[in-house]
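This report describes one protein chain. It begins with a helix cap and then moves outward.

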Amino acid sequence: MSAEQESAPTTARRPRGSYAKGQARRQAIVDEALAVFSRTGFHSGSLREIAKRVGLTPAGLMHHFSGKEELFVEVLRQRDEKVREAAGDPAEHTLVQQAEKVVAYNQSSRGLTSLYAIVSAEATDSEHPSHEDFAERYRSGAATGEELLRAAQEAGEVRADLDPALAARLISAVMDGIQLQWLLDESVDMVPLFEEFVRGYLRPSG
């Protein structure tokens, strides 16, 4: 075996190690960005502060993300993925069960919950980079919720006299409202509050 052949495996390993380090640094940036954005929101969140928290200059941070908007999108993407994991497979859980799981998860992850509350409020500004994304989140969530509630009515799992379109919007409104109260006062327990809403509004009587 030639010297060139003997050294080839070592040479091939270097890009993988470099890639792994780059991915770890990228994730560290996302984690620190979550901490910053969940405290100050998108507009006030500083790339300089995020870079400093991971030991980079703003220019060094730009090697991993093209700008604050791209970084912000990645933070939200990872947040959404964690919430989907908490909700479970839609094929295995009803809409109400999924919502209950999300409420419990949100209470265990203050940073992500704070991020969502702050950014959804900021996104009411039509100039916000996530304005249309958040509007579509609520539209598509309501449409999916309406469909699942109709199926639940047929199965006798929720009240037959509910308007599914209105109820789908109310579920997300209640979830948003109680998490805002919890963010302001951690003595508020979101889980029993949501369970009471489910019991009093969604479940069939008797």
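In this predicted model, Asp163 caps the N-terminal end of H8, with a side-chain oxygen 3.0 Å from the backbone nitrogen of Ala165. The helix that follows covers residues 164–184. Its 21 residues should span 30 Å at 1.5 Å a residue, and the end C-alpha atoms are 31 Å apart, which agrees.

The buried residues of H8 are Pro164, Ala167, Ala168, Ile171, Met175, Ile178, Gln179, Trp182 and Leu183. They are on the same side of H8, because they cover an arc of only 150° around the axis. An α-helix has 3.6 residues a turn, so residues three or four places apart point the same way. On the other side of H8, Leu166 and Leu184 are exposed. Four helices pack against the buried residues of H8: H5 (95–107), H6 (110–122), H7 (131–154) and H9 (190–202).

H7 can be treated in the same manner. It has 24 residues, for which 34 Å is the span to be expected at 1.5 Å a residue; the end C-alpha atoms lie 35 Å apart, which agrees. The table sets the two helices side by side.

| Helix | Residues | Expected span | Distance between end C-alpha atoms |
|---|---|---|---|
| H7 | 24 residues | 34 Å | 35 Å |
| H8 | 21 residues | 30 Å | 31 Å |

Within H7, Phe134, Arg137, Ala142, Gly145, Leu149, Ala152 and Gln153 are buried. H4, H5, H6 and H8 are among the elements that cover these buried residues of H7. Ala135, also placed in H7, is partly exposed, with a relative accessible area of 24%; a buried residue would have to be under 20%. The C-alpha atom of Ala135 is 8.4 Å from that of Ala123, although the two residues are 12 residues apart along the chain. Just after H7, Gly156 has a positive phi of about 75°.

Which element gives the most residues to the lining of the largest pocket? It is H7, which contributes eight residues. The volume of this pocket is about 970 Å³. Its lining consists of 28 residues, and those nearest the centre are Val83, Val102, Arg137, Gly141 and Met175. H4, H5, H7 and H8 are the elements that give two or more residues to this lining. Two of the residues nearest the centre have already been described as buried: Arg137 in H7 and Met175 in H8.

H4, which runs from residue 68 to 87, holds Gln78. Is Gln78 buried or exposed? Gln78 is buried, because its relative accessible area is 13% and the limit for a buried residue is under 20%. The side chain of Gln78 makes a polar contact with the side chain of Gln27 at 2.9 Å. A polar contact at 2.8 Å joins the side chain of Gln78 to that of Glu74. With neighbours within four places in sequence left aside, Gln78 is in contact with Gln27 and Val30.

For the chain as a whole, the count is nine helices and zero strands. The order along the sequence is α-α-α-α-α-α-α-α-α. Of the 206 residues in the chain, 35% are buried. Among contacts with a separation of 6 or more, 61% come from residues 24 or more positions apart.

Conventions. Residues numbered from 1 in each chain as written. Predicted model: local features only at pLDDT ≥ 70, side-chain atom pairs only at ≥ 80, totals over all residues. Heavy atoms only, no water. Expected span 1.5 Å × (residues − 1). Buried < 20%, exposed > 50% of the residue type's maximum accessible area, 1.4 Å probe, protein only. Arc of directions from axis to C-beta. Contact = heavy atoms within 4.5 Å. Polar contact = N/O pair within 3.5 Å; in protein donor to acceptor, adjacent residues only side chain to side chain. 1 Å grid on protein atoms, 1.4 Å probe; cavity = no way out; pocket = protein on both sides within 12 Å on 5 of 7 lines; lining within 4 Å. Points joined across faces, edges and corners; volume = space filled by probe spheres on them.
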